[in-house]
Every structure is written in structure tokens, then in C-alpha cells.
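Visitor: Please bring up the model. I have some questions about its interior.

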Amino acid sequence: MSNLKELHITDTNLRLDQNIVKGGVLPNKISELSRTVNVAGETVIEGPLYAAKLSVEAAPFEVTGAVFIQHELYINSNVEGVVTFRKAVGSATSIASRATKCQLTFCSDVNAKSIVLNNAFVAGSVYGDEVILENCVVIGGVFATQSLSVKNSIVGTFISPFVEIDGNINLLLPSVFSVERVNYTPNTHLYSLALADLGSLYRGNNEDAESGRIEINLASDDLRTTLADDQQQRSLHSYSVIGKVLAADLIDTDKFQNHFLLTAAALGPQLLKTYDLGIGSDGKPAQLTTERIRTFFFDILQGRIKVQDMDGSFSIDQFAKTM
């Protein structure tokens, strides 16, 4: 690969192929604000990136700094390999990737009016007007101001006026929210992993007997919730297992280490050292790296790692013994 210094060039189209960019790709004058960047081969940008349009045609591709695109960030559907954005990514218009063979990773937040992601891992949250996720993992929340469509994905939580879900949806938190009732297909299952023993699964060990995923019944677990402040109030549909989670305070959930795992995933490259969850089943430390956490959650999503079911029930007698 060739080594380049920080790019300040006047070309309206910049083609990167087999390059390491030392610095950032930033405009130096007004005429360069309309620059289009095309990634045609293996490329690393060691700094921030600003462009009117970013088109990724090949991988591997990595940007270590923040990214802002004026119009469109587009990853071609035939891209195979690793594409990684180490810091926040934003677009004034759209971010789109339908590449099913691309290992797309965002180590921080993603923000755009229109967001379409397939096979993507987001260590932060997703903010947009219209959001479509398929086969994705979002450690934080998904916040859509107009509409949200989620298929076969893991997300922290979500809130949107209009929501469509399909397939197996796993939540890392107990609740999700929508203004209108959630639309779902007959084969849809919504689970909360808030009480799953993710720490043991990450180490390759057996789950705690008191842990597991809890299915949210989209018909009976639909509650009306009102959120209010000094200026306005809003009525939402809440789909939640929070009551079962509160009852599970009878269980020592700290031993599951879920909070440590999710925090490490969210902080990602901001951590000054690599942490671990102890010794794994292979006798080696279960290190908390972005790449390994990504693999872990996609193994759950694709069924290679099974999470046991938990009915979420408890007895009054059991509760009384703790009083």
C-alpha cells in the first residue's frame, strides 16, 4: 500500500485504491465541498472524512476519524470484506448498505435522514427519520422520527411513530415504544435478553439456570404509556417485560456481567486498554474487543449460539422470603 499525506486536492472526484491516507480527507476551500470519494480498493483513512458523496466499491476499508457525508454514503451490494468506521458517522441525506457479504461495523453512532443497513454492527445508537434494519446488531437504541422497519435483528431498544417488525427480534433492554401499534407478521417473535446470561455465553460456558430470554407477547404485553414534560405530553404504546425484570431482582443479575459486556461494546476504541470477562472455556481470557463482540452477537442472531428461554414467572412465596 502507498503512504499518502493528508489530502487537500482540488479534484471533484477522488479515487482511493491501495492507499493509506495519513491524516484526513477534508475540504480546503469552498469548491472542494462537492467532492465525491470513491473507494475502489483496500484503503485506510487515518483521520476524519468529509465528502459530498462516499461510494465504497471494495473492501477492506477503514476510517479512524469521524465521517460526515453531505448527500449519500453508499456501500455497493457486491462488496465483500470488512468495512469499519471507528467514530461517529453522519449524513445530511442517506446512509445505505444492502451488501449481505460485507462485515460492516460502526464503532459509534449513526445519524442520517434515511438509513438502510444490512448485516451491520452498530456499537452506538441509530438516529434517523426513516430507518430500515435487516440482520443487524445495534447495541444502543434505534430512534426514528417517522418510520422504522426491523427484520431478524438485535437492538438495545427502539422508539418510532410507526414500526414494522418481522422474524426474530432480540432486545438488550426490557422495553420498546411506538406511537402507533407495532405491525408484525405471523412469524414474528420479540424477545428481551435483559435477563440472559450473556457473560457466560461470551466465555463459552453454560448459562446460569435462573437466566434466559423472555418473549414479549405483542398482543397482551401492549401497554399505553404517557410521557410528559412542561411543554407537551405524548401517549405511546409500550411493549415490555419490565414487571418480570423487576421481579427478577430476586436474582443476582450482576453475575451475568451483561452491563460490562454492553458498556465495553459501546465504548469500543475509546477504551485505553483491552478488558476481558475472565477465562473462557478455551482457557484463554475472553477479551472484549469490538471484533469479538460483533462475532458474538451475530452468532446469537444467526442461531450458532443458543439462548435458553425463561418464562419470567415467580411465586409470591418466593418473593415473601426476600422481605
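## Inside the predicted model

Visitor: Is Cys-136 buried or exposed?
Guide: This is a predicted model. Cys-136 has 1% relative accessibility. Buried means under 20%, so Cys-136 counts as buried.

Visitor: What is the relative accessibility of Cys-102?
Guide: Cys-102 also falls under the 20% cut-off for buried. Its relative accessibility is 0%.

Visitor: How many disulfides are there?
Guide: The rule asks for a pair of cysteine sulfur atoms within 2.5 Å. By this rule the disulfide count is zero.

Visitor: Which strand gives the most to the largest nonpolar core?
Guide: The largest nonpolar core holds 57 residues. Leu-54, Phe-85, Phe-106 and Leu-117 touch the most other members. Seven residues of this core come from one strand, the top contributor: β16, residues 137–160.

Visitor: How many residues are in the other core?
Guide: This other core lies apart from the largest one. Among its members are Leu-172, Leu-193, Leu-198 and Leu-201. Its residue count is 26.

Visitor: Leaving aside neighbours within four places in sequence, which Phe residues is Leu-54 in contact with?
Guide: On those terms, the contacts of Leu-54 include Val-37, Val-39, Leu-49, Ile-69 and Leu-73. Glu-72 and Tyr-74 are also among them. The Phe residues in contact with Leu-54 are Phe-61 and Phe-85.

Visitor: Is Ser-55 buried or exposed, and which strand holds Ser-55?
Guide: Ser-55 has 8% relative accessibility, so it counts as buried. Beyond four places in sequence, Ser-55 is in contact with Val-37, Asn-38, Val-39, Tyr-74 and Asn-76. The strand that holds Ser-55 is β6, residues 49–56.

Technical notes
Residues are numbered from 1 along each chain as its sequence is written. This is a predicted model: local features need pLDDT of at least 70, side-chain atom pairs count only at pLDDT 80 or more; totals for chains, interfaces and linings use all residues. Side-chain values use heavy atoms; hydrogens and water are left out. A nonpolar core is a set of buried Ala, Val, Leu, Ile, Met, Phe, Trp, Tyr and Cys residues joined through side-chain atoms within 4.5 Å. Buried means under 20% relative accessible area, exposed over 50%, partly exposed in between (1.4 Å probe, protein chains only). Helices (H or I, at least four residues) and strands (E, at least two) are DSSP runs, numbered from the N terminus. Contact means heavy atoms within 4.5 Å.
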